[in-house]
Amino acid sequence: MTNIKPNQPLVTHIYTADPSAHVFENKIYIYPSHDLDHDGPDNDNGDQYAMEDYHVLSLDNFDASVVDHGEALHLRDVPWASAQMWAPDAAYKNNKYYLYFPARDHDGIFRLGVATGDSPAGPFHAEPDYIKGSYSIDPAVLVDEDDQAYIYFGGLWGGQLEKWQTGSFEPSQTEGPPADKPAIGPRVALLSEDMLSFAGEPQEISIVDEDGNPILAGDEDRRYFEGPWVHKYNGYYYLSYSTGTTHKLVYGISKNPMGPFTFKGTILTPVIGWTTHHSIVQFEDKWYLFYHDSSLSEGVNHKRCVKYTELKYNADGTIQTIDPYAE
Ligand code: FUB
(Lines give C-alpha, C1' and ligand atoms only; values in the text may rest on other atoms or scores of the structure.)
Protein backbone atom coordinates (compact mmCIF):
# COMPACT_ATOMS: atom_id res chain seq x y z
CA MET A 1 0.00 0.00 0.00
CA THR A 2 1.09 3.56 -0.54
CA ASN A 3 1.01 5.99 2.34
CA ILE A 4 -2.32 7.61 3.10
CA LYS A 5 -3.72 11.12 3.50
CA PRO A 6 -6.35 12.38 5.95
CA ASN A 7 -9.94 11.73 4.87
CA GLN A 8 -8.86 9.28 2.15
CA PRO A 9 -9.42 5.48 2.23
CA LEU A 10 -6.70 3.75 4.21
CA VAL A 11 -6.90 0.74 1.90
CA THR A 12 -8.71 0.12 -1.38
CA HIS A 13 -8.01 -3.59 -2.01
CA ILE A 14 -10.77 -4.63 0.44
CA TYR A 15 -13.80 -2.86 1.89
CA THR A 16 -13.33 -1.93 5.54
CA ALA A 17 -15.50 -0.32 8.25
CA ASP A 18 -15.85 0.26 12.02
CA PRO A 19 -12.16 1.05 12.70
CA SER A 20 -10.97 0.57 16.26
CA ALA A 21 -7.51 2.10 16.46
CA HIS A 22 -4.92 1.54 19.19
CA VAL A 23 -1.25 2.27 19.70
CA PHE A 24 0.48 -1.03 20.45
CA GLU A 25 4.27 -1.51 20.35
CA ASN A 26 4.67 2.13 19.15
CA LYS A 27 2.61 1.57 16.00
CA ILE A 28 -0.97 2.31 15.10
CA TYR A 29 -3.03 -0.86 14.79
CA ILE A 30 -6.50 -0.69 13.27
CA TYR A 31 -9.13 -3.38 13.86
CA PRO A 32 -11.87 -2.88 11.24
CA SER A 33 -14.81 -4.91 10.02
CA HIS A 34 -14.15 -6.50 6.62
CA ASP A 35 -17.13 -5.67 4.40
CA LEU A 36 -18.02 -8.20 1.70
CA ASP A 37 -18.92 -7.28 -1.86
CA HIS A 38 -22.25 -9.08 -2.51
CA ASP A 39 -25.72 -8.51 -3.94
CA GLY A 40 -27.69 -10.07 -1.06
CA PRO A 41 -30.56 -8.48 0.92
CA ASP A 42 -30.18 -4.90 2.19
CA ASN A 43 -32.55 -3.85 5.01
CA ASP A 44 -32.92 -2.14 8.41
CA ASN A 45 -32.00 -5.45 10.06
CA GLY A 46 -28.49 -5.08 8.66
CA ASP A 47 -28.51 -8.31 6.60
CA GLN A 48 -26.22 -6.56 4.10
CA TYR A 49 -23.45 -6.59 6.72
CA ALA A 50 -22.60 -10.26 6.10
CA MET A 51 -18.98 -10.17 7.16
CA GLU A 52 -17.09 -13.40 7.84
CA ASP A 53 -13.59 -12.45 8.98
CA TYR A 54 -11.28 -9.77 10.31
CA HIS A 55 -8.09 -8.31 8.88
CA VAL A 56 -5.77 -6.18 11.04
CA LEU A 57 -4.17 -3.08 9.50
CA SER A 58 -1.16 -1.22 10.86
CA LEU A 59 0.83 1.94 10.29
CA ASP A 60 4.29 2.70 11.65
CA ASN A 61 3.28 6.37 11.59
CA PHE A 62 1.20 8.70 9.42
CA ASP A 63 3.93 8.97 6.77
CA ALA A 64 4.28 5.21 6.41
CA SER A 65 2.47 2.70 4.23
CA VAL A 66 -0.51 0.75 5.52
CA VAL A 67 0.15 -2.94 6.13
CA ASP A 68 -2.69 -5.47 5.84
CA HIS A 69 -1.69 -8.38 8.08
CA GLY A 70 -4.23 -10.69 6.41
CA GLU A 71 -6.91 -12.81 7.99
CA ALA A 72 -6.69 -12.59 11.79
CA LEU A 73 -9.85 -14.55 12.66
CA HIS A 74 -12.52 -16.28 10.55
CA LEU A 75 -16.11 -17.23 11.36
CA ARG A 76 -15.33 -20.90 10.67
CA ASP A 77 -12.96 -20.86 13.67
CA VAL A 78 -15.53 -19.50 16.15
CA PRO A 79 -17.57 -22.48 17.43
CA TRP A 80 -20.43 -20.45 18.92
CA ALA A 81 -20.94 -18.04 15.98
CA SER A 82 -23.11 -18.50 12.89
CA ALA A 83 -22.89 -15.22 10.91
CA GLN A 84 -22.19 -11.49 10.75
CA MET A 85 -18.86 -10.66 12.34
CA TRP A 86 -19.51 -6.97 12.97
CA ALA A 87 -17.46 -4.17 14.54
CA PRO A 88 -14.53 -5.47 16.64
CA ASP A 89 -12.13 -3.93 19.14
CA ALA A 90 -8.82 -5.02 20.64
CA ALA A 91 -7.09 -4.62 24.00
CA TYR A 92 -3.74 -5.44 25.62
CA LYS A 93 -3.32 -6.77 29.15
CA ASN A 94 -1.51 -9.66 30.90
CA ASN A 95 1.09 -9.67 28.08
CA LYS A 96 -1.64 -10.77 25.64
CA TYR A 97 -3.76 -9.20 22.96
CA TYR A 98 -7.52 -9.65 23.01
CA LEU A 99 -9.89 -9.26 20.07
CA TYR A 100 -13.52 -8.60 21.05
CA PHE A 101 -16.16 -9.08 18.39
CA PRO A 102 -19.93 -9.47 17.95
CA ALA A 103 -21.58 -12.18 15.86
CA ARG A 104 -24.88 -14.02 15.74
CA ASP A 105 -24.97 -17.22 17.77
CA HIS A 106 -26.67 -20.36 16.42
CA ASP A 107 -30.08 -18.96 17.52
CA GLY A 108 -29.53 -15.73 15.54
CA ILE A 109 -28.94 -13.67 18.71
CA PHE A 110 -26.01 -11.24 18.66
CA ARG A 111 -23.42 -12.04 21.34
CA LEU A 112 -19.92 -10.83 22.09
CA GLY A 113 -16.92 -13.10 21.77
CA VAL A 114 -13.26 -12.81 22.63
CA ALA A 115 -10.17 -14.25 20.95
CA THR A 116 -6.58 -14.08 22.17
CA GLY A 117 -3.21 -13.71 20.48
CA ASP A 118 0.46 -13.03 21.14
CA SER A 119 0.78 -10.28 18.52
CA PRO A 120 -1.36 -7.17 17.91
CA ALA A 121 -1.48 -8.24 14.24
CA GLY A 122 -3.05 -11.60 15.08
CA PRO A 123 -3.80 -14.37 14.45
CA PHE A 124 -6.36 -14.62 17.24
CA HIS A 125 -7.79 -17.82 18.69
CA ALA A 126 -11.44 -17.65 19.73
CA GLU A 127 -12.73 -18.86 23.07
CA PRO A 128 -15.15 -21.78 22.53
CA ASP A 129 -18.22 -19.92 23.81
CA TYR A 130 -19.42 -16.32 23.75
CA ILE A 131 -18.95 -14.14 26.84
CA LYS A 132 -21.61 -15.26 29.32
CA GLY A 133 -24.21 -12.54 29.81
CA SER A 134 -23.21 -10.68 26.64
CA TYR A 135 -25.62 -9.48 23.97
CA SER A 136 -26.00 -6.95 21.13
CA ILE A 137 -23.05 -5.51 19.15
CA ASP A 138 -20.13 -3.09 18.90
CA PRO A 139 -17.82 -3.95 21.83
CA ALA A 140 -15.26 -1.30 22.75
CA VAL A 141 -12.78 -1.90 25.56
CA LEU A 142 -11.04 0.64 27.76
CA VAL A 143 -8.17 -0.56 29.96
CA ASP A 144 -7.99 2.22 32.52
CA GLU A 145 -4.84 3.59 34.15
CA ASP A 146 -5.48 1.39 37.23
CA ASP A 147 -5.60 -1.64 34.87
CA GLN A 148 -9.36 -2.20 35.34
CA ALA A 149 -10.90 -3.01 31.93
CA TYR A 150 -14.39 -1.89 30.91
CA ILE A 151 -16.34 -3.18 27.92
CA TYR A 152 -18.92 -0.88 26.31
CA PHE A 153 -21.43 -2.24 23.80
CA GLY A 154 -24.89 -2.08 22.25
CA GLY A 155 -26.68 -1.06 19.10
CA LEU A 156 -30.29 -0.39 18.07
CA TRP A 157 -32.22 -1.97 15.14
CA GLY A 158 -30.07 -4.79 13.66
CA GLY A 159 -27.98 -4.63 16.83
CA GLN A 160 -31.04 -5.93 18.78
CA LEU A 161 -30.74 -3.64 21.83
CA GLU A 162 -34.52 -2.92 21.78
CA LYS A 163 -35.10 -6.64 22.31
CA TRP A 164 -33.25 -6.57 25.66
CA GLN A 165 -35.32 -3.81 27.37
CA THR A 166 -36.77 -6.26 29.91
CA GLY A 167 -33.35 -7.79 30.69
CA SER A 168 -34.02 -10.92 28.63
CA PHE A 169 -34.26 -11.42 24.87
CA GLU A 170 -37.74 -10.64 23.50
CA PRO A 171 -37.65 -11.50 19.76
CA SER A 172 -40.85 -9.59 18.91
CA GLN A 173 -39.82 -6.36 20.70
CA THR A 174 -38.68 -4.07 17.89
CA GLU A 175 -39.83 -0.73 19.32
CA GLY A 176 -37.77 1.43 21.62
CA PRO A 177 -39.30 3.71 24.29
CA PRO A 178 -41.79 6.46 23.30
CA ALA A 179 -40.18 9.66 21.96
CA ASP A 180 -40.74 11.55 25.26
CA LYS A 181 -39.10 8.88 27.44
CA PRO A 182 -35.37 8.40 28.13
CA ALA A 183 -33.54 6.80 25.22
CA ILE A 184 -32.05 3.33 25.48
CA GLY A 185 -28.44 3.68 26.64
CA PRO A 186 -25.31 1.73 25.70
CA ARG A 187 -24.16 -0.92 28.14
CA VAL A 188 -20.98 -1.19 30.18
CA ALA A 189 -19.56 -4.15 32.11
CA LEU A 190 -16.38 -4.66 34.08
CA LEU A 191 -14.10 -7.27 32.55
CA SER A 192 -12.53 -9.95 34.71
CA GLU A 193 -8.79 -9.89 35.42
CA ASP A 194 -8.19 -12.50 32.66
CA MET A 195 -10.25 -10.36 30.21
CA LEU A 196 -12.38 -13.35 29.17
CA SER A 197 -15.62 -12.74 31.07
CA PHE A 198 -17.83 -10.06 32.59
CA ALA A 199 -17.08 -9.33 36.25
CA GLY A 200 -20.67 -8.40 37.04
CA GLU A 201 -23.93 -7.64 35.26
CA PRO A 202 -23.82 -5.15 32.38
CA GLN A 203 -25.27 -1.77 33.35
CA GLU A 204 -27.13 0.71 31.17
CA ILE A 205 -25.29 4.02 30.75
CA SER A 206 -27.25 7.22 31.24
CA ILE A 207 -26.56 10.13 28.86
CA VAL A 208 -27.93 13.44 30.14
CA ASP A 209 -28.11 17.05 28.96
CA GLU A 210 -26.36 19.99 30.67
CA ASP A 211 -29.26 20.21 33.19
CA GLY A 212 -28.94 16.53 34.12
CA ASN A 213 -32.08 15.46 32.25
CA PRO A 214 -31.88 12.19 30.29
CA ILE A 215 -31.54 12.48 26.52
CA LEU A 216 -34.93 11.38 25.17
CA ALA A 217 -35.65 8.63 22.66
CA GLY A 218 -37.13 11.16 20.20
CA ASP A 219 -34.00 13.33 20.27
CA GLU A 220 -32.34 11.58 17.34
CA ASP A 221 -29.62 14.23 17.00
CA ARG A 222 -28.27 13.29 20.44
CA ARG A 223 -29.56 9.89 21.53
CA TYR A 224 -27.34 6.80 21.46
CA PHE A 225 -27.70 4.49 18.44
CA GLU A 226 -24.54 2.32 18.18
CA GLY A 227 -20.74 2.30 18.07
CA PRO A 228 -19.60 3.37 21.58
CA TRP A 229 -16.01 4.43 22.17
CA VAL A 230 -14.51 5.68 25.43
CA HIS A 231 -11.21 7.53 25.71
CA LYS A 232 -9.66 9.63 28.46
CA TYR A 233 -8.51 13.23 28.11
CA ASN A 234 -7.46 15.56 30.93
CA GLY A 235 -9.03 13.34 33.61
CA TYR A 236 -12.42 13.02 31.89
CA TYR A 237 -13.90 9.98 30.21
CA TYR A 238 -15.30 10.81 26.77
CA LEU A 239 -18.09 8.52 25.51
CA SER A 240 -18.57 8.99 21.77
CA TYR A 241 -21.09 7.20 19.56
CA SER A 242 -23.10 7.20 16.37
CA THR A 243 -26.60 8.70 16.26
CA GLY A 244 -27.62 6.28 13.48
CA THR A 245 -30.68 7.83 11.83
CA THR A 246 -29.14 11.32 11.92
CA HIS A 247 -25.72 9.99 10.87
CA LYS A 248 -23.51 11.94 13.29
CA LEU A 249 -20.74 11.08 15.70
CA VAL A 250 -21.42 12.83 19.01
CA TYR A 251 -20.04 12.67 22.57
CA GLY A 252 -20.55 13.26 26.25
CA ILE A 253 -18.11 13.41 29.16
CA SER A 254 -17.98 12.10 32.72
CA LYS A 255 -15.62 11.79 35.66
CA ASN A 256 -16.79 8.16 36.01
CA PRO A 257 -16.18 5.47 33.35
CA MET A 258 -19.67 4.06 34.07
CA GLY A 259 -21.34 7.47 33.60
CA PRO A 260 -23.66 9.31 33.65
CA PHE A 261 -22.20 11.18 30.68
CA THR A 262 -23.15 14.79 29.99
CA PHE A 263 -23.82 15.41 26.32
CA LYS A 264 -21.37 17.88 24.80
CA GLY A 265 -21.67 18.03 21.02
CA THR A 266 -20.90 16.74 17.54
CA ILE A 267 -17.54 15.29 16.52
CA LEU A 268 -18.27 14.39 12.89
CA THR A 269 -21.00 15.61 10.54
CA PRO A 270 -22.75 13.03 8.29
CA VAL A 271 -20.70 11.01 5.84
CA ILE A 272 -21.46 9.37 2.48
CA GLY A 273 -23.41 6.19 3.32
CA TRP A 274 -25.87 5.33 6.12
CA THR A 275 -23.49 4.32 8.88
CA THR A 276 -20.41 5.77 10.38
CA HIS A 277 -18.48 4.26 13.27
CA HIS A 278 -15.27 5.45 14.82
CA SER A 279 -12.48 5.38 17.35
CA ILE A 280 -10.30 8.09 18.91
CA VAL A 281 -6.64 7.54 19.69
CA GLN A 282 -3.59 9.55 20.71
CA PHE A 283 -0.41 8.95 18.74
CA GLU A 284 2.67 10.88 19.87
CA ASP A 285 1.40 14.40 20.64
CA LYS A 286 -1.73 14.45 18.46
CA TRP A 287 -5.19 12.93 18.57
CA TYR A 288 -6.84 11.17 15.67
CA LEU A 289 -10.36 10.16 14.68
CA PHE A 290 -10.68 6.96 12.67
CA TYR A 291 -14.06 6.58 10.94
CA HIS A 292 -15.62 5.14 7.80
CA ASP A 293 -17.78 6.23 4.92
CA SER A 294 -19.01 4.61 1.71
CA SER A 295 -17.11 6.85 -0.71
CA LEU A 296 -15.01 4.00 -2.14
CA SER A 297 -18.18 2.32 -3.49
CA GLU A 298 -19.89 5.65 -4.30
CA GLY A 299 -22.45 5.21 -1.53
CA VAL A 300 -23.14 1.47 -1.22
CA ASN A 301 -23.88 1.06 2.50
CA HIS A 302 -22.17 -2.30 2.97
CA LYS A 303 -19.06 -1.44 0.95
CA ARG A 304 -17.31 1.01 3.22
CA CYS A 305 -13.80 2.35 3.68
CA VAL A 306 -11.84 3.33 6.77
CA LYS A 307 -10.30 6.82 6.98
CA TYR A 308 -8.61 8.99 9.58
CA THR A 309 -8.32 12.68 10.35
CA GLU A 310 -6.80 14.76 13.13
CA LEU A 311 -9.07 15.54 16.09
CA LYS A 312 -8.58 18.81 18.00
CA TYR A 313 -9.76 19.95 21.43
CA ASN A 314 -10.68 23.46 22.47
CA ALA A 315 -9.09 24.91 25.61
CA ASP A 316 -12.19 23.92 27.66
CA GLY A 317 -11.83 20.26 26.63
CA THR A 318 -14.65 20.25 24.07
CA ILE A 319 -13.94 18.65 20.70
CA GLN A 320 -13.91 20.70 17.50
CA THR A 321 -16.55 19.48 15.03
CA ILE A 322 -15.10 17.90 11.89
CA ASP A 323 -16.60 18.16 8.41
CA PRO A 324 -14.93 15.23 6.63
CA TYR A 325 -15.39 16.78 3.19
CA ALA A 326 -14.29 20.37 3.97
CA GLU A 327 -11.68 21.68 1.54
O1 FUB B 1 -20.52 -3.03 10.46
C2 FUB B 1 -21.76 -3.52 10.91
C3 FUB B 1 -22.44 -2.52 11.77
O4 FUB B 1 -22.62 -1.31 11.04
C5 FUB B 1 -21.65 -2.10 12.98
O6 FUB B 1 -21.65 -3.04 14.00
C7 FUB B 1 -22.31 -0.82 13.29
O8 FUB B 1 -21.66 -0.02 14.21
C9 FUB B 1 -22.42 -0.20 11.91
O10 FUB B 1 -21.22 0.43 11.55
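This is a short talk on one sheet, one ligand site and a few backbone details in the structure above. Keep in mind that the model is predicted.

I'll start with the ligand. Which residues surround it? Going along the chain, the shell consists of Asp18, Tyr49, Met51, Trp86, Ala87, Ile137, Asp138, Glu226, Thr275, His277, His292 and Arg304. By type, that shell splits into 5 nonpolar, 3 polar and 4 charged residues.

Now the polar contacts. Aspartate 18 has a side-chain N or O atom 2.5 Å from an oxygen atom of the ligand. For aspartate 138, the distance from a side-chain N or O atom to a ligand oxygen is 2.5 Å. Arginine 304 also takes part: a ligand oxygen lies 2.7 Å from an N or O atom of its side chain. How much of the ligand does the protein bury? On its own, the ligand exposes 280 Å², and the protein buries 99% of that.

Next, the sheet. It is open, and it has 5 strands. Read across, the order is E14-E18-E17-E16-E15, with mixed pairing. Which strands sit at the edges? They are E14, residues 207-208, and E15, residues 226-233. Each of these pairs on one side only. Glu226 from the ligand shell falls within the range of E15.

Look inside the sheet at E17 and E18. E17 covers residues 249-254, and E18 covers residues 261-268. Their pairing is antiparallel, over 5 bridges. For a landmark, take tyrosine 251, whose bridge partner in E18 is glycine 265. The loop between E17 and E18 holds proline 260. The peptide bond leading into that proline, from glycine 259, is cis, with omega near 0 degrees.

There is another cis bond to look at. It runs from glycine 122 to proline 123, again with omega near 0 degrees. Where does proline 123 sit? It is in the loop between E8, residues 110-117, and E9, residues 125-126. Glycine 122 belongs to the loop between E8 and E9 too. Is glycine 122 buried or exposed? Its relative accessibility is 16%, so it counts as buried. For a sense of distance, compare it with glycine 227, which is 105 residues away along the chain. The two C-alpha atoms are separated by 23 Å.

On to a hairpin, E10 and E11. Strand E10 spans residues 140-143, and strand E11 spans residues 149-153. They run antiparallel and share 4 bridges. Leucine 142 faces tyrosine 150 in E11. There are 5 residues between the two strands. What is unusual to check in that turn? Aspartate 147 has a positive phi, near 80 degrees.

Two further residues go on the positive-phi list. Glutamate 25 has phi near 55 degrees, and it is not a glycine. You will find glutamate 25 in the loop between E1, residues 15-24, and E2, residues 27-35. Glutamine 84 is the other, with phi near 60 degrees. Its loop joins E5, residues 81-83, and E6, residues 89-93. Is glutamine 84 buried or exposed? With a relative accessible area of 7%, glutamine 84 is buried.

To recap the site: aspartate 18, aspartate 138 and arginine 304 each place a side-chain N or O atom by a ligand oxygen, at the distances I gave. That's my tour.

Terms used. Residues are numbered from 1 along each chain as its sequence is written. This is a predicted model: local features need pLDDT of at least 70, side-chain atom pairs count only at pLDDT 80 or more; totals for chains, interfaces and linings use all residues. Side-chain values use heavy atoms; hydrogens and water are left out. Two strands pair if DSSP finds at least two bridges between them. A residue is near a molecule or strand if one of its heavy atoms lies within 4 Å of it. A polar contact is a pair of N or O atoms within 3.5 Å; within protein, one must be able to donate a hydrogen and the other to accept it, and residues adjacent in sequence count only if both atoms are side-chain atoms. Accessible areas come from the Shrake-Rupley method with a 1.4 Å probe; for residues, only the protein chains shown count as cover. Ala, Val, Leu, Ile, Met, Phe, Trp, Tyr, Cys and Pro count as nonpolar, Asp, Glu, Lys and Arg as charged, and the others, Gly among them, as polar. Buried means under 20% relative accessible area, exposed over 50%, partly exposed in between (1.4 Å probe, protein chains only).
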